[in-house]
Amino acid sequence: MAYLHSGASSISLLFGFLVVWQARLSIFAVADELEVGRNDLCGTDLSTFLPPPYSNMSNIICSPVWNTYTLRYTRNKDNVLTIILSAVYTTGWVGIGFSRDGTMVGSSAMVGWFNKEGHAKIKQYYLQGTKTTQVIPNKGELPLTNIPSAVALHGATMYMAFQIKPETPLTHQPILLAFGSAYPVHNRLSHHDDKTTILFDFSAGSVSAGSNGILELKKNHGILGIVGWGLFLPSGAIVARYFRHKDPLWFYLHITIQFVGFIFGLATVVAGRQLYNKIHANVPTHRGIGIFILTLSILQVMAFFLRPNHEDKIRKYWNWYHHWVGRIALFFGALNIVLGIQIGNAGNSWKISYGFLLGAVLITVFALEALLFMRKSEKVDENPAFQMNPVI
């Protein structure tokens, strides 16, 4: 029996070894396939379909950047940067934008496409805003050279080539990548089907490790702001106004909810500060309103610890101050969330989500305000200001 048990153990160990070895081989096979895929993307002979000087570039740096997008570039001693962007293409347009702060507004982009007749088009666009009417053709701040830009289709891949000569060498550059499936009409672009922002390191020829971190930080900044200033702080104000008849429960709920909201709001500002340090976003209005709201929130916390007793004569003025500072903070909080979604080009899902939340808060306020009015009216009816004794 001992012999049989030992044999079974040996077989189990052998089987486990084979499984581990097979997994190891599979991992190496996947890695080899990825490397082959990279070589296929970057090993294309550009001289067979691109015109000079793009067809005879030397010392080309090639890097896959997003989905099927591959970025090739070379830079000469005069700081002329020759860029070739390639991506799988079916219909519509493909674009690459250069941003100061990682946002769409204020950026300049090169966009290429083939029209329905098969004619190649490439133009510079100035991204004045997030609406399609604010994407202006034949405008932009990219310092293009006199070398004509080019677009070519090689198999199922489109190649878009252009030259720029920036005043200072590009290093860590926020890059916008996007595509749309609809053909441009009179050079007007349709809304993009998908987009992303990366931080490309032109000194190393790779997507910076901070790219995903920046996108995640932007998302966290928005979520914290919506949860803090869009959910908790309005909820705490609702409790304080409409549930005073549940004394002292309303008070403890109010201070607890507002404290949680304050922590979320403070975290929002901290995340925004970190984001600004990374991309130096030029959003003075959004930043200014955020700092203003944080200041009002701190004043509200201080007011809580300095509130006078109910019997004090100044309690009435403290109530006015506390109520109106809170209302002003809530108004600017909602305004800044909308502004942040807009300048961050967050997309329809963010707009719909916050619109639903804001609508739910407003409907709740209107309903509770109506109930409060009816409750006060009933109290007035039950306790008239004066009564006349009936004449006997």
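## A walk through the helices and their contacts

F305 sits in helix 4, and that is a handy place to start in this predicted model. Its relative accessible area is 65%, so F305 counts as exposed. F305 also has company on the surface: together with I298, L299, V301, M302, L306 and Y321, F305 makes a nonpolar patch of about 660 Å². Which helix gives the most to that patch? Helix 4 does, with five residues.

F305 turns up again when you look at the rings. One aromatic cluster is formed by W250, F251, Y252, F304 and F305. Across the model, the count comes to 16 aromatic pairs. One of them is F251 with Y252: the ring centres are 5.6 Å apart and the planes stand at 70 degrees, so this pair is edge-to-face. Another is F331 with F332, where the centres are 5.3 Å apart and the planes at 80 degrees, so this one is edge-to-face as well. As for cover, F331 is exposed, with a relative accessible area of 53%, whereas F332 is partly exposed, at 26%. If you're wondering about the choice of numbers, a pair of aromatic rings is described by the distance of the centres and the angle of the planes.

Now for helix 5, which runs over residues 315-343. Helix 5 has 29 residues, and from its first C-alpha to its last it reaches 41 Å, close to the expected 42 Å at 1.5 Å a residue. Which of its residues are buried? The list is R315, W318, H322, V325, G326, A329, G333, A334, N336, I337 and I341. Pick N336 from that list and you can hop back to helix 4: the C-alpha atoms of N336 and G288 are 9.6 Å apart in space, with their positions 48 residues apart in the sequence. G288 belongs to helix 4, which spans residues 284-305. Unlike the buried N336, G288 is partly exposed, with a relative accessible area of 36%.

Next stop is helix 2, residues 210-242, which holds both E216 and K219. These two form a salt bridge, with their closest N and O atoms 3.8 Å apart. The cut-off for a salt bridge is 4 Å, so the pair falls within it. E216 and K219 are three residues apart, about one turn of the helix. Buried or exposed, or something in between? For E216 the relative accessibility is 39%, which counts as partly exposed, and K219 is partly exposed too, at 38%.

Helix 2 also takes part in a salt bridge that reaches much further along the chain. The side chains of E369 and R241 meet at 2.9 Å, N to O. This pair links distant parts of the chain, with E369 in helix 6 (residues 348-382) and R241 in helix 2, 128 residues apart. Both ends are partly exposed: E369 has 30% relative accessibility, and R241 has a relative accessible area of 36%. While you're in helix 2, take a look at I223, which is found there as well. I223 is partly exposed at 40% relative accessibility, and its C-alpha is 8.3 Å from that of T268, 45 residues away along the chain.

How many salt bridges are there? The count comes to three. Besides the two already met, E141 and R100 pair up at 2.5 Å, N to O. E141 lies in the loop between strand 7 (135-137) and strand 8 (150-154), and R100 in the loop between strand 4 (93-98) and strand 5 (107-114), so this salt bridge ties together parts that are 41 residues apart in sequence. R100 is exposed, with a relative accessible area of 60%, while E141 is partly exposed at 45%.

Finally, there's a covalent link to look at. A search of the whole structure finds one disulfide, formed by C42 and C62 with their sulfur atoms 2.1 Å apart. About the S-S bond the angle is -75 degrees, and the link is left-handed. The disulfide joins distant parts of the chain: C42 is in helix 1 (residues 2-42) and C62 in strand 1 (residues 61-66), 20 residues apart. Which of the two counts as buried? C62 does, at 13% relative accessibility, because buried means under 20%. C42, at 25%, is partly exposed.

Definitions and conventions: Residues numbered from 1 in each chain as written. Heavy atoms only, no water. Helix = DSSP H or I, 4+ residues; strand = E, 2+ residues; numbered from the N terminus. Expected span 1.5 Å × (residues − 1). Buried < 20%, exposed > 50% of the residue type's maximum accessible area, 1.4 Å probe, protein only. Patch = residues over 30% accessible without salt bridge, like charges linked within 9 Å, V, L, I, M, F, W, Y side chains within 5 Å. Areas by Shrake-Rupley, 256 points an atom, 1.4 Å probe, with all protein chains shown as cover. Disulfide = S-S within 2.5 Å. Phe/Tyr/Trp six-rings, centres within 6.5 Å; stacked < 30°, edge-to-face > 60°.
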